[in-house]
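Colleague: Before I accept any label in this model, I want to see the value and the cut-off behind it. Shall we go through the labels in turn?

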Amino acid sequence: MYKLVFFFFCGISLLIGQICIAQYVPLSSSKSIETPIYIEGFTYPKFDELSHFAWFNVNLKVLKETELQIIGDHYRRYNEDRFKIGVGFRQRLSEKSRILGGYQKEWDLYNRGRGYPNPLPRKEVFFGVQHQVKENILMDARLVRPTYESNFYSIGLEGVKTRLDMGTRIKF
């Protein structure tokens, strides 16, 4: 639980740092100031009071074509409440393609219906590719492997260990 608080505190600290830096950047500048830290995120609209899905990435450019990330997402439905946080990297291969990899932990916040968080997170490593299909459409394919046996699975994947995750992101 303390590690979750630590990762959350790091993410909030980076966000506050970005806000402080942004206060001193003039609005009407002819020069574009580029910061090595940028934040991506998305949340679905609420269709009912119990459902929620959101994700965020705090990205840090360490080299010209390489980024480190703090990754998180939260998923809640009627009988599930999950929170996932991790660290990762992205390396640009070409103008439209990247490789990515990292480590993530997922907590079952309902603890299979018991109403309190499961103290043992699901730990996984992942490796994959990301490709920009169109200007604002990205496709991801990741191979995800648990690092040890957990007492809960990702939603809909009961009994599945190594899996292929595929997804699409649309930028608005």
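Colleague: Which residue is the bridge partner of Tyr 103 in S6?

Modeller: Val 125 is the bridge partner of Tyr 103 in S6. Before going on: this is a predicted model, local features need pLDDT of at least 70, side-chain atom pairs count only at pLDDT 80 or more, and totals for chains, interfaces and linings use all residues. Residues are numbered from 1 along each chain as its sequence is written, and side-chain values use heavy atoms, with hydrogens and water left out.

Colleague: How do you know that strand S5 and strand S6 pair?

Modeller: A strand is a DSSP run of E with at least two residues, numbered from the N terminus, and two strands pair if DSSP finds at least two bridges between them. S5 (residues 97–108) and S6 (residues 122–134) have ten bridges, in the antiparallel sense, so the requirement of at least two is met.

Colleague: What makes S6 and S7 a pair, and how many residues lie between them in the hairpin?

Modeller: DSSP gives ten bridges between S6 and S7, again antiparallel. In this pairing Phe 127 has Leu 143, in S7, as its bridge partner. The hairpin that S6 and S7 form has two residues between the strands.

Colleague: What about strand S2: how many bridges tie it to S1, and how many to S3?

Modeller: S1 (residues 37–43) and S2 (residues 52–61) are antiparallel over seven bridges, and Ile 39 has Val 58 in S2 as its bridge partner. S2 and S3 (residues 66–76) are antiparallel over ten bridges, with Leu 60 opposite Leu 68 in S3. S2 and S3 also form a hairpin, with four residues between them.

Colleague: Why is Leu 60 called partly exposed?

Modeller: Buried means under 20% relative accessible area, exposed means over 50%, and partly exposed is in between, using a 1.4 Å probe and protein chains only. Leu 60, in strand S2, has 34% relative accessibility, so Leu 60 counts as partly exposed.

Colleague: Which residues does Leu 60 contact beyond its sequence neighbours?

Modeller: Contact means heavy atoms within 4.5 Å. Setting aside neighbours within four places in sequence, Leu 60 is in contact with Pro 36, Ile 37, Thr 66, Glu 67 and Leu 68. Pro 36 is 24 residues from Leu 60 along the chain, and their C-alpha atoms are separated by 5.5 Å.

Colleague: Why does Gln 69 count as buried?

Modeller: Gln 69 is in strand S3. Its relative accessible area is 8%, so Gln 69 is buried. Not counting residues up to four places away in sequence, Gln 69 touches several residues, among them Val 58, Asn 59, Val 87 and Phe 89.

Colleague: What makes the pair Gln 69 and Asn 59 a polar contact?

Modeller: A polar contact is a pair of N or O atoms within 3.5 Å; within protein, one must be able to donate a hydrogen and the other to accept it, and residues adjacent in sequence count only if both atoms are side-chain atoms. The side chains of Gln 69 and Asn 59 come to 2.9 Å, so the distance limit of 3.5 Å is met.

Colleague: How do you know that Arg 82 and Glu 106 form a salt bridge?

Modeller: The rule asks for a side-chain nitrogen of Lys or Arg within 4 Å of a carboxyl oxygen of Asp or Glu. By this rule the count comes to ten salt bridges. For Arg 82 and Glu 106 the N to O distance is 3.1 Å. This pair links distant parts of the chain, with Arg 82 in strand S4 (residues 81–92) and Glu 106 in strand S5, 24 residues apart.

Colleague: Which other residues form salt bridges with Arg 82?

Modeller: Glu 80 does, at 3.2 Å, N to O, and so does Asp 108, with the closest N and O atoms 3.7 Å apart. Asp 108 in strand S5 and Arg 82 in strand S4 are 26 residues apart.

Colleague: Why are Asp 108 and Arg 82 called buried?

Modeller: Asp 108 has a relative accessible area of 2% and Arg 82 has 6%, so each falls under 20%.

Colleague: What makes Met 139 partly exposed, and which patch includes it?

Modeller: Met 139 lies in strand S7 and has 38% relative accessibility, so Met 139 counts as partly exposed. Val 133, Met 139, Leu 143, Leu 164 and Met 166 form a nonpolar surface patch, with about 500 Å² of accessible area together. Accessible areas come from the Shrake-Rupley method with a 1.4 Å probe, and for residues only the protein chains shown count as cover. Patch residues have over 30% relative accessible area and no salt bridge; nonpolar side chains (Val, Leu, Ile, Met, Phe, Trp, Tyr) are joined within 5 Å, like charges within 9 Å. Strands S7 (137–146) and S8 (163–170) each supply at least two residues of the patch.
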